[in-house]
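User: Please take a close look at one part of this structure and explain it for a first-year student. Afterwards, please place that part in its wider setting.

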Amino acid sequence: AVLYAANGAEKADAFGLMSQSKTKKALLSSPIHNNFKSKLFTTKNDDNNEQLLSFHCKSGSTDLTESTYTQVLYTENVPSASILRSEYDALFHDPRQPSSNRFAFDPWFVSCSEGINGQLAPLPGDDEEEDALPGEREACASQTQYSLKRIQASTLFNDTTYEALINDITSLANTIGCTSTTPPWTSIYINGDSQNFHSDATHGPMAWTYSLTLDEHYSSYFTGGETIMMKPNMLDYWRNYDCQKGLEAPSIIRYLPPKFGRFVAFDGRVPHGVNKVHGTNDPRKARIMIHGWFAEPQTIWFGDFEEEATQQEKANLILEQALNPLITALGSGEIGRVLGYLAIRINISPDGSVDSIQSVCDTLVADPADYRGVIGYDEDDNEVFEDACVDLKLTIHEALSSDLYFPETVNGGSVIVPFDFV
């Protein structure tokens, strides 16, 4: 298992990752900004009270010991949506007037047969052991993998608008232990456009989409355009197979509508795509999305620890002392291997004690190559099967909740600790 915890992963230069401290003209110049401060944007509710920009959880907040695999996180009404949409509309306001920004869109079309650098993509029949029917290879090769119009968001939007976008993205990333995003794309889907099923396994812990599609255009000017992804039960189909029960599309695939201002983060390892759009050819009434991947997992402090550098430095040392033996225990082989991303929030009381430990992002699944089956028997002599994900979360909870005390503060605070198992 590879874990990114206290110091993050030094991959920023290679991917040109974007964080709140950088504009589109200046990408990261150092792997990790050690004085990173997680200033979160807020929105206003009806009573004009500030609300933290964060993801909705299934039950408000989930105790780590009760956390289960969560495929999708989302939030509504992200602050930058209106200004982004206004600037997009201004670009297409006069379709007869040429615009260099409109010319910069890439009409991206890839068939299933087209691989990297002019090579053929893998197709049925390439493997001699694969039982491909006559004509199946050709049928697969003729399918569309990607069809859309796209542009780098840094090219489309002005500096001020783009900075607001990056601030919103990284503010949400911070809440699940990531400090940056890959450079975001803006994509337009008109009649016939789609993304076929694919998997993004290596770009970052979580993929994300941010909709600028107007609600009145969806289903009125076009149908389709939903983000589609395989449901978790389909990824482990035979485990709960029921020969008495058939399945249809709603039981197999999730359809996430492109609601305006909605920001969705999801497990990019899961096969996903975009449902084919039918209808409009007008880019002003199309499916319009910004998308990318969260990156750079790193511990992030909130509350009094965010503002007081001395207290944060002391707290970091205490946390590191607790994490070192924990990581050794997780890598000892006593617990079955897992794959995925887990970010936890340790809530700290003013007296320095740990108030609670919650899961804020959990895409852990047991590594099937290390499944150990029956590991013992209970008091009634019933078989006990291994559950590596549960065992791992219990181990983390026990290590970080007992006898762990941080410096005293006036109001307390919290810290997000990410674990990335690859």
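Analyst: The close look begins with a pair of charged side chains: those of Asp236 and Arg239 meet in a salt bridge, with 2.5 Å from N to O (a side-chain nitrogen of Lys or Arg within 4 Å of a carboxyl oxygen of Asp or Glu). The model is predicted, so local features need pLDDT of at least 70 and side-chain atom pairs pLDDT 80 or more, while totals for chains, interfaces and linings use all residues. Residues are numbered from 1 along each chain as its sequence is written, and side-chain values use heavy atoms, without hydrogens or water.

The two partners are covered to unlike degrees. Asp236 is partly exposed, because its relative accessible area is 36%, whereas Arg239 counts as exposed at 59% (buried is under 20%, exposed over 50%, partly exposed in between, with a 1.4 Å probe and protein chains only).

Both residues also belong to the lining of the largest pocket. That lining holds 36 residues, and Asp236 and Arg239 are, with Pro232, Val365 and Ala366, the ones that lie nearest the centre of the pocket. Two or more lining residues come from each of helix 7 (232-235), strand 21 (365-366) and helix 11 (388-401) (DSSP runs numbered from the N terminus: helices are H or I with at least four residues, strands E with at least two). Helix 11 gives the largest share, 4 residues. The volume of this pocket is about 1100 Å³. A pocket is an open set of points on a 1 Å grid over the protein atoms alone, with protein on both sides within 12 Å along at least five of seven lines; a cavity is a set where a 1.4 Å probe fits but cannot get out, and lining residues have an atom within 4 Å of a point. Points are joined across faces, edges and corners, and a volume is the space filled by probe spheres set on them.

The chemical character of the lining of the largest pocket is mixed: 17 of its residues are nonpolar, 7 polar and 12 charged (nonpolar: Ala, Val, Leu, Ile, Met, Phe, Trp, Tyr, Cys and Pro; charged: Asp, Glu, Lys and Arg; polar: the others, Gly among them).

Strand 21 leads to another charged pair. Arg337 and Asp367 form a salt bridge of 3.2 Å, N to O. Arg337 lies in the loop between helix 10 (309-330) and strand 19 (338-348), and Asp367 in the loop between strand 21 and strand 22 (374-377), so this pair ties together parts that are 30 residues apart in sequence. Arg337 is partly exposed at 41% relative accessible area, while Asp367 counts as buried at 13%.

In the whole structure, the search finds 11 salt bridges. One of them joins the side chains of Glu76 and Arg262 at 2.9 Å, N to O. Because Glu76 sits in the loop between strand 4 and helix 2, and Arg262 in the loop between strand 13 (253-256) and strand 14 (263-266), the pair ties together parts that are 186 residues apart in sequence. Arg262 is buried, with a relative accessible area of 18%.

Arg262 has a further role in the picture, as a lining residue of the second largest cavity, together with residues including Thr209, Ser211, Leu256, Val264 and Met289. This cavity has a volume of about 60 Å³, and its lining divides into 5 nonpolar, 3 polar and 2 charged residues. The search of the whole structure finds 3 cavities of 30 Å³ or more.

The second largest pocket offers a further view, at about 460 Å³. It is lined by 26 residues, and the closest to its centre are Gln195, His198, Asp200, His291 and Trp293. Strands that give two or more residues to this lining include strand 6 (144-152), strand 9 (194-198) and strand 17 (287-297). Strand 17 supplies the largest share, 5 residues. The lining of the second largest pocket comprises 12 nonpolar, 11 polar and 3 charged residues.

Strand 9 also contains Ser194, which counts as buried because its relative accessibility is 11%. Leaving aside residues up to four places away in sequence, Ser194 touches residues including Gln145, Tyr146, Tyr189 and Val274 (contact means heavy atoms within 4.5 Å).

The chain as a whole completes the setting. The chain has 11 helices and 24 strands, and 48% of its 422 residues are buried. Among contacts with a separation of 6 or more, 80% are between residues 24 or more positions apart.
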